[in-house]
Structure formats: C-alpha cells, structure tokens
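Colleague: I have a model open and would like to learn how to read its charged side chains. Could you take me through it?

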Amino acid sequence: MKNIKIFFIVALFVSFGWSSSFVYIEKGIKLPLPDEGVVVYSGTPVKIISKDKNRVKVRIAGYIGKKDKKSLYATKNRKLLFATVKKSALIHKIDKDRGELKILLPAKNITNDQDEAWESGSDLFYDKCTKCHHAKIVKNHTMAEWNVLFNSMKYKAKTNKMQSAEILRFLRAFSKDGILRESD
Amino acid sequence: MSISRRKFLQGSVAATVALGATSAGATQLFSPIKKIPTGSHFGAFYAYVQDGKIIDIEPQGKDSRPAMIKAWIDRNYSKTRIKYPYVRKSFLENRPNNGLLRGKEEFVRVSWDKAVKLVVKKLKETPRESIYNGTTDGWAHPGLVNYCPTLAGRFFNIVKGGSVNIDGDFSVGAALRTNPDVVGDIEVYSLQTAHEQILANTEVYVMWGADLFKTNKIDFAVANRKNDEYYIKYRNSKMKFICIDPIKTETAKMFNAECIHIRPNTDVAMMLAMMNYLYNTKKYNKSFIKKYTDGFDKFLPYLLGKADGVPKTPEWAEKITEVPASKIKELADLFVSHRTLIAGNWSMQRAHHGEQVQWGIITLASMIGQIGLPGGGFAFSMHYGGGGQASAGKAGPGGFSQGRNRVDAIIPASRINETLLHPGRVINFMGSKLKLPHIKLMYVAGANNVGHQQDINELIKGLRKLDTLIVQDPWWTPTAKMADIVLPATTILERNDISLLSGSYSGDKIYAMKKVVDNPYEAKDDYEIYSLLAKEFGEKEYKKFTKGKTVMEHIKDFYEESDAAKTISFEEFWNKGYIEYQIPKEAYKYVRQGDFRKDPIKYPLKTESGKIQIFCKKFADFGYNDFKGHVTWFEPAEWLGSKLTKKYPLHLLSPHATYRKHSQLDNVWIADTYKIKGREPIRINPKDAKKYGISHGDLVEVYNDRGRLIVGAVVTDDIREGVVAIEEGTWYSPENPMIDNSRGNSGQPNVLTSSRPTSQAAQACTANTVLVAIKKVEGEVVPNMAHQLPKLIEM
C-alpha cells in the first residue's frame, strides 16, 4: 500500500513534468506577479525551463478549475491551488482536465529545497497545533479530513487568517491524497 | 492579610487535616500568612501558607462546590508522594527476565544523577520506533510550562526524532473518527450553543446519557463552575428534561427529569425506532432532510427493513431497549413538536459499535429538523469543560510546541494491550491496514495507564513484556508501582506555571499558577526533569529543549502571546494572579450550526456534500461488516440481550467519578466519604441486591472471564435492574500482587472491562460493554493496599 502511494506521488511528478524545484515565498502563501497577470502559491512544484541571474522561467502544471478556468490545482479534487491567472488563455490545455502555465519568476522565489519551500506552514502546524496534544501524522489523513480537523480545532489554536491558510496549505500538500511527503 | 487564625480554625475539614499534619508550635500563631493564587482542573484557588506549610485553601471567586479544591492540601501532603528517584531492584541489577517482576518487588532509592543516566542509557539503546510515549494526552494539570503531554512529545521529538503515540483518545475515540465525515466537525470539543439561547428557546432538553452537573465540576483547563449558576436557571425554567440513561443521574434529580431507564448499549435501536416512527407517521421534517442532508434515500431501506427484512419499528426496539414502544412514540412526538435539544454524552460511544451513537443522534436530530435553530438540534459537549458558556474569543497564553514526530507508527487507543502482547500484528483501521509496532520502552509522565486502559490484567501481561518502563509522577500511582525507573515530580503547588486559557469554552481567564510551597523531598518539576534528560543527551538537545530560558522567562513569553498582554503587563498579571477577558455580547447569541441553517450554500458543512451525511460513501467503501455507510444497530458482544447473561447477568457501567478527575483525588480524604470499607462503591438495584443476597454496605465480588474485583455495595433505586455501576478512576490494587490475575482489591472497574475495539473502523475503547456476575464476599479479606507504598530500600 505504501509503495502504491509513493508510486502515485512519483507518477504525479512525472505526468506533470514537475522537477524538484518549488515556489518559495518568504511571507504568506501568495506571490502576485502583476506583469504576468498571475498569482502563484507557495510550495508549488515547478519545472525550470530556463534561468538567468534574476529570473527563472518555469512551467507549472496542474488540474484546471472546473468552473473557473483561471485556476490550476495540484490534484483532481481541486483543493490545493498552484496558481491563478487573469486570463484563462494563459493556461494551455494538456488534456481535458489538465493544463500548464509558463511564467517568469524572480530567482529568489525558487528553491530546490522542499523543506524550505514548505517551512513556514510546517513550522506553524507543528508549533500551533502541538501545544495541547501531539500532532497527527499528516500523511495519515486526506485533504478533506484535514479540512475538518483543522477547522474544528483552530479556534483553540487561535491562529489568524494567514496562519490558518498556511497551515491548511501545508496539510493539504502533504496529506494522504496530497502531492508530497515530509522528508525524514 | 485580613484573614485570622481563628477563621482558619473554624474553616473546613481540609484545614483541620492540614493543621493536623503540621507542627503547630506556639510561634506559628504570630507567623505571617501568605495568600498565594493558583489554578487546577478542579478550579482556581488561593492557598494560605504559614511557616512553609499550606494551612487552608479557598476558591477564587464564587464556587459552591469547593471540596475538590480543598482536597489539594491532603493531596500535596499525601503519604503516597514519591520522595526520591527509585529503580526496581532486579532491573537495577540487570537480572534476566526481570520484567516479569514488575509490580511485585521492591524499589531501591538512587541519586538523581544515577536515575537520569539510566533513563538516558535506555532511551539511547532503544530505537524511536520502539518507544511508546505513554503520557498520551493525559490530564495531569493545566499548567503550560510543566504540561506533561507537550513536554514528553517535545522531548522525544528533540532527542530521538519522535516516538510512538496513540491515535484518537480514550474519551471520544469513536466520535472523533465519525463526526468529521458526518457533520464536518469533530463536535465533541467544539463551541456549544450558548446557555442563554437554550434558556430562551429550548422546550425539551434531552440528556441522552449526559450528566451535566457531575462532569462539569472539572475542566481540562482551570474549571470555573459557572455552569452551576446556569443549572439553577435551568431548574427554575419551564424546560422539560428527559434523561435517557440506565442511571438516574445527579443532574436528572436536580432538574426533576423524566427518566427513561434504557438497557445499556441499546440507544441506537431506540433512535432508529424514533426515526422509523417519524417517517411512517410523516411527522419528520422533510424539508430539512432535503435541504440540509445527503443520503437519506440510501438509509431509508435499512430504516424501513427493506434492506434486511427488519423494520426498525418502536415494537422492534422495545424488545432490545426495554423501553415501551408507546414511550418511544410519545417521545418522538414530543421532540418533533417542541424545540428540542438532544445533549448526547461521550460514554455511550465508549462501547462496542460506539461509532453509531452520535451518528444516530445526528440523524434523528436531522429528521426532527431543528439543527441550527436556537436551542434545538444536538450537542455533544454540554457536559464538558463548561459547555454552553459563551466564549470570550480571545487568545490565551502560548505554550511549548512539540514539533514534528518522525515516527509513523501509531496505536489506536484500544489496541495498546494487543500491541504489547502481539507486536507486528496487522489490523484494519479506518479503511487502511495498520501494523502494530514492537514496543520495548514505555515512558509515562503524569498519567495513570494502569487505570485508564481497559482490561488491566491483560495490560499488566503486556507491560511485563517491555524492556523498560519509566514513570514520572508526584504520587505512587498503580502505574508508578509497575515501573522500573520512578522519577519524583513536584505538584502544581510546588512550582511556578501559567494556566491554559480557562475554562475550556468560556476562554475568559488566565491564571498565574504560583509556587505555594517548596517540595520537602527531592522531587523536581516536570520541565526540569525533561531538561536534565535532554542535557544528558547533549548540549544541543538541551538548548533546543529549553531555548536557553528559565521557567519564569517561559511563563512571561507564554503570557506575551495572549491578547491580555496588549493591555496588561506581565508583572501586573503575575501580581494580581489572574486576568479576565470580557465576554462580548454577541457571544451569548451563539447557536451551533446557526450559519449553516441560515444559508447552507454560503456556509456549507465541511463534509463531502457540504450537508449532513446521513449516508457516507467513504465509510461504506471500507467494506467492514461492523461499520456501514449509515447509522446501523449492531448487537454488542456483551449486553443484556445476549446469551452470555446466563453466566454474567449484569451489565457493568463505569461512568465518570463524582469526586475524582479520573484517578486524581483517589488518595485524599474525600474518598473516605464515599468508599465502602475502603473500596469503590458499586451501585446496584434493590431487586438485584435481593436476588444475590446483597445488603447495602456489603463487600461484594464482581467477576467475569477477564477478572475479579472487590467493591462495596450501594443499594439504590437510582440504577435500573440488571445494571451495576462502578465509577472509573480508583487506584488499582491487586489482592495478591505476587500472582497473575489476582482479584482487584480496590474496585478499579478496568479489571473487568474488555480491550475489544468499537469496530474495525475507529478501533476506539469500549469500557461500557461489559457483562459481569456478582456475589457477596464471605470471610476476611486483606485491606485495600492501593495507597500503600511499595517496599522501598533507602540508601
């Protein structure tokens, strides 16, 4: 079963052409790129197409939003956002469900270190949600389950809106049906 | 200091006890008396200290029930205190198979240095995947610096990268695994509809197992007892109270409730029958079902018997529940025609197939159609932590974080015994397979596992298979007596700390938990113990664990994280002893699920459909025979309708204790006021007592295939025929520690309970699914030794 899950995650990376690079945002979860008409989200896996000293051209692939065609999500359940665009034309269809987006990002917003990309959400979760009880193992619960568990308990953790968003994003990414696994 | 010596002497029994324990020399009459604030699970209080001794305790603020607070004096000065570090003799000598002697032999006093080195040596030798953090989420005390569950997790995560933890908890393991998918919230720890809304709107208040007055005495945070004031208003209101419970509870008596003495573990059958009746009479709320729920059509064939040939009618349920069909119909009519709040409890789900109970109440409440209306619907936490109190909505103090645990292995709470006895076994668990880990070392701080775990005889066999068992506690609890290494911890009165935001729901107080007296022995603060151990691991681990700060610096840091710190300095808070937040007026209008009711599109539940899942595909897809896609009546393994009653004719319940918080306060004078010949009481109906030749005050033996124990009989009409009740938490004590499966001599009911899980789904604990037989104890019995110290060899 474990092998199947790892295979699933590897398959996601292969099918989307993700490499081991990620969007890194120092504060918050959104990186607005007004010139590109795009907002990318922290921790999103990307494939580097080219780079220079200051900028990196990347490909972000994911599932196109069902209703709004201006969003790219990590998985079919459309719960973990990768990017939103002003014009849907910026997203090129890969197949009937999936699409890709090619954009230029500041070099400082790209990292090869998964832990660094997700550090803020991870730190917040293990800090705010372990003061009264031990943390549940993230990969043991689905995105939907984490949505319930976190929202049930957040009033006790007294997290603000931004902290809640970061924690939930981390939990979704590393959940049973997420796209990543926490490193050892 | 305005309080006089004379006033103290005229005070409580507790004060007398304390004075008796001190040497009242003449000079003491002129010694100054200090008044020092602190807080506990039993409430906040001031300790009066003279010449370094506590001479009296009085509650902070209004408290009509201060006995448990007063008992702190006796508890602090108890003869059961652990004074020094000890190591079990044959463990210290490293004799082969010495684990088999756990609980049977003497302890040797050692220095702190030796104890710390020994603990760290064992921890270093043991892979983290084989270390069970047995502190779990225990309730030792509400102080944030010395909070054992957090310290233990933090310590293991720093020095070992993690340890094995339990999954779920002992209180609400089944509900925690079902409610999220059914109603999009865990519900059991969630903010409840405000008392003000209930008092203004509720016409029928159903206490389905909930004993509000009893269990709200205590709190996970510092108890505030404000619910007592509301209960007076409840009693004086026009609300009709219904108590569905095999026991006539303290609360039922207070509210003059109509009592429905249902057979234990059959509540789901009664719920289904009410639903069947409401459907067949077309009295259920069709529009609510349509607008706010999902999957009713998939549930209906089962309800009507089209799926299994058994219509779940009131007549069907009467045979199971022994509640007359006419009463079931009458109650269904009453509920659907009046604003009705069904307050469920937690103990019903601590039973075989316990997953069904709260799901059943939610489904019934959906058919009644009042969920989200003021004073209507269901509630699963009115009995806990001041449930119903309006929330201040403010941030409390921070606290240590545990960080990440890198060990994947978990143990569902009911599977501890099985894990210890059969490591490597693979079990079903919430649709997945789970391999039970191989535990070699168990470390318990501030928890009494040989008490809260079901089937104690089985547990002890498991504990004797461990390589190492370490216990850190202020008292020689039954768990400490089973240990290899025993580390003495201070009590809350012997150290500085800061409380959790209190009460659990009102969240309107933060308490300074000030050191009241010195520990006269060698006990250390829990924080200090873990710091010492971390230091032995290395300077890096020590710095990470302590952050290089003193206890007072941590307390100040934690306070600074609260909203209070924005306006009140730490110094002001610490000097005053507490801060209080104002409750916003809006909070008194809170109605659980109110937004969802108003606009289910804008405020959907966090379920698959955004609605209440009467049918849950995820659960159905598990494919289990003991857990389906909708609420289902399953016959429990042990109940009054089973053939096993020929051998064991009585159903044993182990409800929460009236004068304890689990095992806390078993070792104080309060226990003397209710124990029978030194044993925990068992409530038994007069008809049963007559049948078995038992009189009030007799010592009786209660037994089944799992064990035997001695308790004292309390013959009372407060419990239905065929059911007996022993309150949980008394300290376990075997009649003869040298033999296996010895008769329990204190009345600890987990000698008789089963480690059987609720189902393959939640794998939660089932303490309330137990059949027993009873007989009068003839002849002499040895005294209950629960509060006696083990044999100690001093240096």
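Colleague: Which helix holds A:E119?

Modeller: Helices are DSSP runs of H or I, at least four residues, and strands are runs of E, at least two, numbered from the N terminus. A:E119 sits in helix α2 (residues 114–128) of chain A. This is a predicted model: local features need pLDDT of at least 70, side-chain atom pairs count only at pLDDT 80 or more, and totals for chains, interfaces and linings use all residues. Residues are numbered from 1 along each chain as its sequence is written, chains are lettered from A and ligands numbered from 1 in written order, and side-chain values use heavy atoms, without hydrogens and water.

Colleague: Is A:E119 buried or exposed?

Modeller: Buried means under 20% relative accessible area, exposed over 50%, partly exposed in between (1.4 Å probe, protein chains only). A:E119 is partly exposed, at 41%.

Colleague: How many salt bridges are there?

Modeller: Side chains of opposite charge can pair when their charged atoms come close. The cut-off is a side-chain nitrogen of Lys or Arg within 4 Å of a carboxyl oxygen of Asp or Glu. The structure holds 66 over all chains.

Colleague: What does A:K136 meet in a salt bridge?

Modeller: B:D167, at 3.9 Å, N to O. That pair crosses between chains, from the loop between α2 and α3 (143–157) of chain A to strand β7 (residues 165–167) of chain B. A:K136 is partly exposed at 27%; B:D167 is buried at 9%.

Colleague: Which residue pairs with B:R81?

Modeller: B:E494, with the closest N and O atoms 2.9 Å apart. The two lie 413 residues apart in the chain. Both B:R81 and B:E494 are buried.
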